[in-house]
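Colleague: I am new to this structure. Please take one part of it and look at it closely, then place it in the wider picture.

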Amino acid sequence: MARMAKSGAAAVSRLTWRRSFRKYWMLYCMLIPGVLWYLLFKYLPMGGIVIAFQKYPPFSGLQGIFNSKWVGLKNFEKFFKSVYAARLIRNSLVISLKKLVVCFPASIILAILLNAIPGVRYKKTIQTVSYLPHFLSTVVVCSIVRTVTSTDGGIINVIIKAFGGEPIFFIGSNDYFQSVLVVTELWKTIGWNSIVYLAAMTGIDPELYEAATVDGADWYHKIFHVTLPAIAPIVSLMFILRCGELLNAGFEQVFLLYSPSVYQTADIIDTYVYREGLVNLNYSYSTAVNLFKSVVAMVLVLGSNFFAKKLGQEGIW
Amino acid sequence: MKNVGRSEKCFIICAYILLALLAIVTIVPLISVVISSFVSSAEIARRGQFILWPEEWDVSSYAMLFRTDRLYSGYANTLFVTIVGTALSMMLTILTAYPLSKKQLRGRSALLGMVFFTMIFNAGMVPNYILVKELKLLNTRWALVLPYLCNTWNMLLMRNFFYAIPDALEEAAYLDGANQFQILLKIILPVSLPSIATIAMFYGVSFWNAWFPGVMYITDTRLVPIQNIMRSIIISATGQLEDMGLMIDDVRQQPNAHTLKCAAVVVSTLPILCVYPFIQKYFVKGVMVGSVKG
């Protein structure tokens, strides 16, 4: 986007700073609150990252940042030598990869199905219903997960018992926890994420389908030779964007569902950062782990954006 | 469907069935929670934990919830955060997005770069916490509002909306001697009302649904937002529910814990469900614009 902005600016006559100020001083005034907000709430905390390289005592306030002892990379060493590093990175990656593999194609399939049916009212109804979970807060979604998987009275275990099975405590079991996360994510996002693909499909010329029918194409021919090629650019863009998010396994969702008995498969970098930082008050250590994650995440986003451009896509900026 | 072959008809029928299944799977958990919230403890004692359709609709768990002061303070806090937050967010977003939509403005690329960077790199939990603490915002409603005022994604979306407005519209007003502030107020805002409504709803829903800020910044029970109250009801064991004043001594009138939890979910979700039919199409429009131009 910055690139587009530059070419746009080159196309119009470029103003000098002085003339820009004289002509647009009111616009600059309008920007003041926004710039101050970004500096205060986004950039000032970045200065606080230095505590990752310090031994910052909690409750020491701002002075603490200036007075604390520097310890170099000790906090990072501590993290990578602990048993947590491997487990947290593995869980974060595995959970988000599982979500990617299941949820990403699901939205595309949903969009294809919605695009295939002729009934407009039916289509609208299905869309309205499938977008609904997107509007529910993560707390509500996770509460619903807790109540429907509950071992006393939850609908899923009632069904299992009706078929003669033993009730399963899904969110308390290392075997099932990640699957619960994936299904929850699927339930919450499948409808909403299909919107972009449906939007791309509305741009397909209906004559293409008619021509395919005349040529004797079957429904799967139409999907593979008309629909999918038409949405391929947006699909690859969305895929690349998701890859940039690989370290985000869904902090709130995990936080709201996990418990110490499933840390083995459920604990991710963000939940660990929260526990170490705001519960155990190891501010410096927590910030170091957080910084490690932020840097890797930034590299992933920049890398995926780079690939998007390599593939001839627009990228996010 | 005249010209379609047999296998395609089959496919379309399958599509109908699959979509119906998806809708059912989406809606059943919600309905099951709503129904469970109306089952009386007497009926559970008689018929067992799971009841598909109650014989009598019982509202004692709702009565119990609405008897606690915490629920009202929760609603009040969340309403404050949602209304004040959305209003301030919109002001900040519009004031930032409008100048950034002007191609000729010097320094625009640098400012955009500064904004973009915050999308890909975040200071992290503890530095943000220290900032809010040092600003003396801990345990105030403002801690739930101020750090979340400007959402960069929404701001850029707003900017794209402004971008799409033809320049000619402004030129005319400019020649009539209007200044940029007047142009924004009298020309730009009226023509972009639908987009403003869209972004305002993005903010409104996210303020209403916010939960983690309450975990980080609020310990005073009178200031806890509704989402956090609901959360603590959901994870509580029966004993803790008593501490919250949610259980009473008279066992016969006591709602079942599961029922009470389901009622808590309904109570905190109902406002969103009420506005959902009205805001849905705006949201979809916002996503579409974002996907085309983002």
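**A closer look at one helix**

Modeller: Helix α6 of chain B, residues 125-134, is largely enclosed by the rest of the structure, because 8 of its 10 residues are buried. This is a predicted model. The buried residues of α6(B) are Met125(B), Val126(B), Pro127(B), Asn128(B), Tyr129(B), Ile130(B), Leu131(B) and Val132(B). "Buried" has a cut-off here: a residue counts as buried if 20 or more other C-beta atoms lie within 10 Å of its own.

What covers these residues comes from both chains. From chain A, the cover includes α2 (17-47), α14 (269-279) and α15 (283-310). From chain B, it includes α11 (212-217). After α6(B) comes Lys136(B), which has a positive phi, near 60°.

The cover from chain A leads to the contact between the two chains. Chain B gives 83 residues to this contact and chain A gives 78 residues. On the side of chain B that touches chain A, helix α1 of chain B (residues 6-36) supplies the largest share, with 17 residues. Sorted by class, that side of chain B holds 51 nonpolar, 24 polar and 8 charged residues.

Another helix of chain B can be set beside α6(B). Helix α7 of chain B runs over residues 152-163, and its 12 residues should span 16 Å at 1.5 Å a residue; the end C-alpha atoms are 16 Å apart, so the expected span and the model agree. Within α7(B), the buried residues are Asn154(B), Met155(B), Leu156(B), Leu157(B), Met158(B), Arg159(B), Phe161(B) and Phe162(B).

Leu156(B), a residue of helix α7 of chain B, shows how the cut-off works. Leu156(B) counts as buried because it has 26 C-beta neighbours inside 10 Å. Gly5(B) is 151 residues away from Leu156(B) along the chain, and their C-alpha atoms are separated by 47 Å.

Chain A, which supplies part of the cover of α6(B), can be described as a whole. Its secondary structure consists of 15 helices and 2 strands. The radius of gyration of chain A is 25 Å, whereas a compact globule of 317 residues would have one near 20 Å. Along the principal axes, the C-alpha atoms of chain A fill a box of roughly 75 × 75 × 35 Å. Buried residues make up 37% of the 317 residues of chain A. Among contacts in chain A with a separation of 6 or more, 66% are between residues 24 or more positions apart.

Conventions:
Residues are numbered from 1 along each chain as its sequence is written. Chains are lettered from A and ligands numbered from 1 in the order in which they are written. This is a predicted model: local features need pLDDT of at least 70, side-chain atom pairs count only at pLDDT 80 or more; totals for chains, interfaces and linings use all residues. A residue is buried if 20 or more other C-beta atoms lie within 10 Å of its own, exposed if 12 or fewer, and partly exposed in between; C-beta atoms are placed from the backbone. Helices (H or I, at least four residues) and strands (E, at least two) are DSSP runs, numbered from the N terminus. Two residues are in contact if their C-beta atoms, placed from the backbone, lie within 7 Å. The radius of gyration is taken over C-alpha atoms; the globule rule is 2.2 Å times the number of residues to the power 0.38. Ala, Val, Leu, Ile, Met, Phe, Trp, Tyr, Cys and Pro count as nonpolar, Asp, Glu, Lys and Arg as charged, and the others, Gly among them, as polar. The expected span of a helix is 1.5 Å times one less than its number of residues.
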